[in-house]
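Colleague: I'm new to this one and would like a close look at a single part. Could you walk me through the sheet and the charged pairs around it?

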Amino acid sequence: MRVKYVLNEVLVGLWRNVTMTVAMIITMAVSLSMLGASVLLYMQVDQMKDYYYGNIQVSIFLTEDITDGQKATIEQAITGSDLVKDKTYETKEDALKRFQQLWADSPDFVNAINADSLPESYRVTLKNPEQYKDFAKGLEGMPGIRQIIDQSDILEEVFDIFNSIQLAALIVAGFMAVAALLLVGNTIQVAAYSKRREVAVMKLVGASNWFIQAPFVLEAVVAGLIGAILGFVALFIAKVVLLDNKLQALTTILTPIPTGNVLLMLPLLAGVGALVSAVTAWITLRFYLKV
């Protein structure tokens, strides 16, 4: 009987302040979707780092006037290094083919470049990409080497951008969360005020604090859960409609977001939405009802 009463009061409370309830649900949905997006981005950046850093290479560009002896010395130094996992030698013709593939969408630019315009090089994969400086130190100053480039320097700049986007998403989610918490607290106060006489009577007849607070807390939890579901639906639609279709070309740069990662957001958002709503409602009632 008590459970039936509590559930009935929850439904009545949600409907009684329907406009504030809708506003609370929408704000919660937006804040939780932003939270989910930032968590997915965090997971994706880590996945991209594992993928790209695992395939990172050090490019050793050779001078135009390099001699066969200098080339043999450089190759021996690379082969003899304990830091090297694999290496390939790229001729001018190989470099041109790579260039033509990378700039296939700009035929005029490709036609302006010939094999003599590109240097010979070694492409070296290290066992540990973080040991680039130690590897480069052993080759610097050797005759025949024009430049040594570590791709991780470029990747670091790219990941700095992703980290900035991730931080911005978290900040926006934080502001939206504050707005959602204020709405939850305000809605619970209005609901408690509208039932102030019933609450007073329940106190007089000795009702427990839990029995008085339960309908209000559950009201906030239900709103939080609905907001979490809407936030998850928004994330899933964005993944299917945008990333898997219209923005699919980005998968040449960004690693695909696994559907399993998106599905993990449902229990995460539901848990956060329910817990935050329940705690906010409980604290509000402790101050407002003095129970």
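Modeller: Happy to. Keep in mind that this is a predicted model. The sheet is an open one, built from four strands in the order E2-E3-E1-E4, with antiparallel pairing. Strand E2 (84–90) and strand E4 (145–150) sit at the edges with a single partner strand each, so one side of each has no neighbour in the sheet. From one strand to the next, the twist averages 15°.

Let's start with E1, which covers residues 58–62. On one side, E1 pairs with E4 through five antiparallel bridges. Within that pairing, Ile60 has Ile148 of E4 as its bridge partner, and Leu62 stands opposite Ile145 in E4. On the other side, four bridges join E1 to strand E3 (residues 121–126), again running antiparallel. There, Ser59 is partnered by Arg123 of E3.

How covered is E1? Mostly: five of its five residues are buried. In a regular strand, side chains alternate between the two faces of the sheet. Here, Val58, Ile60 and Leu62 point one way, while Ser59 and Phe61 point the other way.

Now for the charged pairs. The model has four salt bridges, and three are worth following here.

Arg123, the partner of Ser59 in E3, also forms a salt bridge with Glu90, with the closest N and O atoms 3.0 Å apart. Glu90 lies in strand E2 and Arg123 in strand E3, so this pair ties together parts that are 33 residues apart in sequence. Both Glu90 and Arg123 are buried.

Strand E2 takes part in another salt bridge through Lys87, which meets Glu75 with the closest N and O atoms 3.4 Å apart. Glu75 belongs to helix H3 and Lys87 to strand E2, twelve residues apart. Are these two buried or partly exposed? Glu75 has a relative accessible area of 33%, so it is partly exposed. Lys87 counts as partly exposed too, at 26%.

Helix H3 (residues 68–79) also holds Lys71. The side chain of Lys71 meets that of Glu120 in a salt bridge, at 3.2 Å from N to O. Glu120 is in the loop between helix H5 (107–111) and E3, so the pair links parts 49 residues apart in sequence. Lys71 has 18% relative accessibility and therefore counts as buried; Glu120 is buried as well, with a relative accessible area of 17%.

Key
Residues are numbered from 1 along each chain as its sequence is written. This is a predicted model: local features need pLDDT of at least 70, side-chain atom pairs count only at pLDDT 80 or more; totals for chains, interfaces and linings use all residues. Side-chain values use heavy atoms; hydrogens and water are left out. Two strands pair if DSSP finds at least two bridges between them. Helices (H or I, at least four residues) and strands (E, at least two) are DSSP runs, numbered from the N terminus. Axes are lines fitted to C-alpha atoms, for helices over the stretch in contact, and angles run from 0 to 180 degrees between N-to-C directions. Buried means under 20% relative accessible area, exposed over 50%, partly exposed in between (1.4 Å probe, protein chains only).
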